[in-house]
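This report examines the fold in terms of its helices, strands, core and selected side chains. Please consult the sequence and the model shown below while reading.

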Amino acid sequence: MFFREGHHRLQVTRASAMWKCPFERRAERRSRPDASPALQASSGKGIIPPFKRSGTAHSMRLCLVMDRGAFCVHERLERGSKTVFRRMKEDIHCIFEQDPAARSTFEVVLTYSGLHAVWAHRIAHALYKKNLLFLARLISQISRFFTGIEIHPGATIGRRLFIDHGMGIVIGETCEIGDDVTLYQGVTLGGTGKEKGKRHPTLGNNVLVASGAKVLGSITIGDNSKIGAGSVVLIDVPDDSTVVGIPGKVVITNGVRVKDKHDHQNLPDPVADTCNRLEEEIAYLKRRIEELEKKEGKTDEYSNI
């Protein structure tokens, strides 16, 4: 297999056990018992590699020696490019499934800020893993400037993340997001303090977080769960659950509504409860006064009040 770049030629030879250059193969043949006497007598010192025998680049031959199981650089690049384009196609197809307003691929690629933010994050995250922290953070901030979506390069995001509208979304450094997750505008996946280590939430697969919801702290949102709009979630959420309110409470689990002692249309009123207790105490004291006056034979001049 050859790769050409100008007049340079790169030759890659592959053996079953090891990739070896011709000079190593000749040395192996010379050391064999059945080798010819002339081959065994030759020391191999007069053998000059082609790239030393000629000073021109036209005759340069470079042999790569790698362990068993290694594969060609061309194969690696080709496989990586296929993976990248497959992921991009998945992202575009996901938008068509989730957003009925999507009309064409051209429109989606050029105008959907959520898609741009996800693609930029993949580049920034790759640089972050290579310990190129400044360059990764620079790319994330440029993406934030153009899309209004801030995703820290250290965040781990699964496949087919759908960000609808997206303005104001914040995703923290140690946040982990599964596959097929949907986020709407104003969502915050943040921390609750300045502690080090894992301090941001983990979202399972097929999770939906509605507009303005805040999921804070090192908590876990189970698979197939939904977070209602404007909710503030501070505790773990089991699988197949729906959470609403401030602070967020589980109202549906596995399709069954969770019983709550409070009716959300008639929330407790502490002021009214206090007034009711005072009225009960006044009525009790009034009855006691009437009983004492009857024993003493006196009439209550305030009984008609």
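In this report, a helix is a DSSP run of H or I of at least four residues and a strand is a DSSP run of E of at least two, both numbered from the N terminus. The model is predicted.

**Overview**

By these assignments, the chain contains eight helices and 18 strands. Of its 305 residues, 29% are buried. Among contacts between residues at least 6 apart in sequence, 33% join residues that are at least 24 apart.

**Helices α6 and α7**

Helix α7 covers residues 133–147, 15 residues in total. Its expected span at 1.5 Å a residue is 21 Å, and the model agrees, because the end C-alpha atoms are 21 Å apart. Gly148 follows α7 and has a positive phi, near 75°.

Which residues of α7 are buried? They are Ala136, Ser140, Ser143 and Thr147. Viewed down the helix axis, the buried residues of α7 fall within an arc of 60°, so they line one face of the helix. The cover over these residues includes α6 and β3. Phe134, Phe145 and Phe146, on the other side of α7, are exposed.

The structure has one aromatic pair. The pair is formed by Phe145 and Phe146, with ring centres 5.2 Å apart and planes at 90°, an edge-to-face arrangement. That label applies because planes over 60 degrees apart count as edge-to-face.

Helix α6 (113–129) has 17 residues, and the calculation again agrees, because the expected span is 24 Å and the end C-alpha atoms are 24 Å apart. The buried residues of α6 are Gly114, Leu115, Ala117, Val118, Trp119, Ala120, His121, Ala124, His125 and Leu127. α6 is followed by Asn131, where phi is positive, near 70°.

**The nonpolar core**

In soluble globular proteins, nonpolar side chains tend to be buried together. In this model, the largest nonpolar core comprises 35 residues. The members that touch the most others are Ile171, Leu183, Leu189, Leu203, Val209, Ile221 and Val233. Elements that each supply at least two residues include α4 (73–98), α6 and β5 (162–163). The greatest contribution comes from α6, with four residues.

Ile221 illustrates the local packing. Residues up to four places away in sequence aside, Ile221 touches Thr202, Leu203, Gly204, Val207, Val215, Ile227, Val233 and Val237.

**Two open parallel sheets**

One open sheet has four strands in the order β4-β7-β10-β13, with parallel pairing. Its edge strands, β4 (156–157) and β13 (220–221), each pair on one side only. β4 pairs in the parallel sense with β7 (176–177) over two bridges. Within that pairing, Thr156 has Glu176 of β7 as its bridge partner.

Another open sheet has five strands, ordered β3-β6-β9-β12-β15, and its pairing is also parallel. Here the edges are β3 and β15 (232–233), each of which pairs on one side only. Strand β12 (214–216) runs parallel to β15 and is joined to it by two bridges. In this pairing, Lys214 stands opposite Val232 in β15.

**Two loop histidines**

His152 lies in the loop between β3 (150–151) and β4. Beyond its neighbours within four places in sequence, His152 is in contact with His121, Tyr128, Arg137, Ile171, Gly172 and Glu173. Two of these partners have been met above: His121 is a buried residue of α6, and Ile171 is one of the core members that touch the most others.

His200 is located in the loop between β9 (188–190) and β10 (202–203). What does His200 touch, residues up to four places away in sequence not counted? The partners are Gly172, Glu173, Thr174, Cys175, Leu189, Gly190, Gly191, Gly217, Ser218 and Ile219. In addition, the C-alpha atoms of His200 and Leu216 are 6.5 Å apart in space, while the two residues are 16 apart in sequence. Gly172 and Glu173 appear in the contact lists of His152 and of His200.

The table sets out the relative accessibility of the two phenylalanines of the aromatic pair and of the two loop histidines.

| Residue | Relative accessibility | Class |
|---|---|---|
| Phe145 | 69% | exposed |
| Phe146 | 66% | exposed |
| His152 | 15% | buried |
| His200 | 8% | buried |

The classes follow from the cut-offs, because buried means under 20% relative accessible area and exposed means over 50%.

Technical notes: Residues are numbered from 1 along each chain as its sequence is written. This is a predicted model: local features need pLDDT of at least 70, side-chain atom pairs count only at pLDDT 80 or more; totals for chains, interfaces and linings use all residues. Side-chain values use heavy atoms; hydrogens and water are left out. Rings of Phe, Tyr and Trp (its six-membered ring) pair if their centres lie within 6.5 Å; planes under 30 degrees apart count as stacked, over 60 as edge-to-face and the rest as tilted. Buried means under 20% relative accessible area, exposed over 50%, partly exposed in between (1.4 Å probe, protein chains only). Two strands pair if DSSP finds at least two bridges between them. A nonpolar core is a set of buried Ala, Val, Leu, Ile, Met, Phe, Trp, Tyr and Cys residues joined through side-chain atoms within 4.5 Å. Contact means heavy atoms within 4.5 Å. The expected span of a helix is 1.5 Å times one less than its number of residues. The arc is that of the directions from the helix axis to the C-beta atoms.
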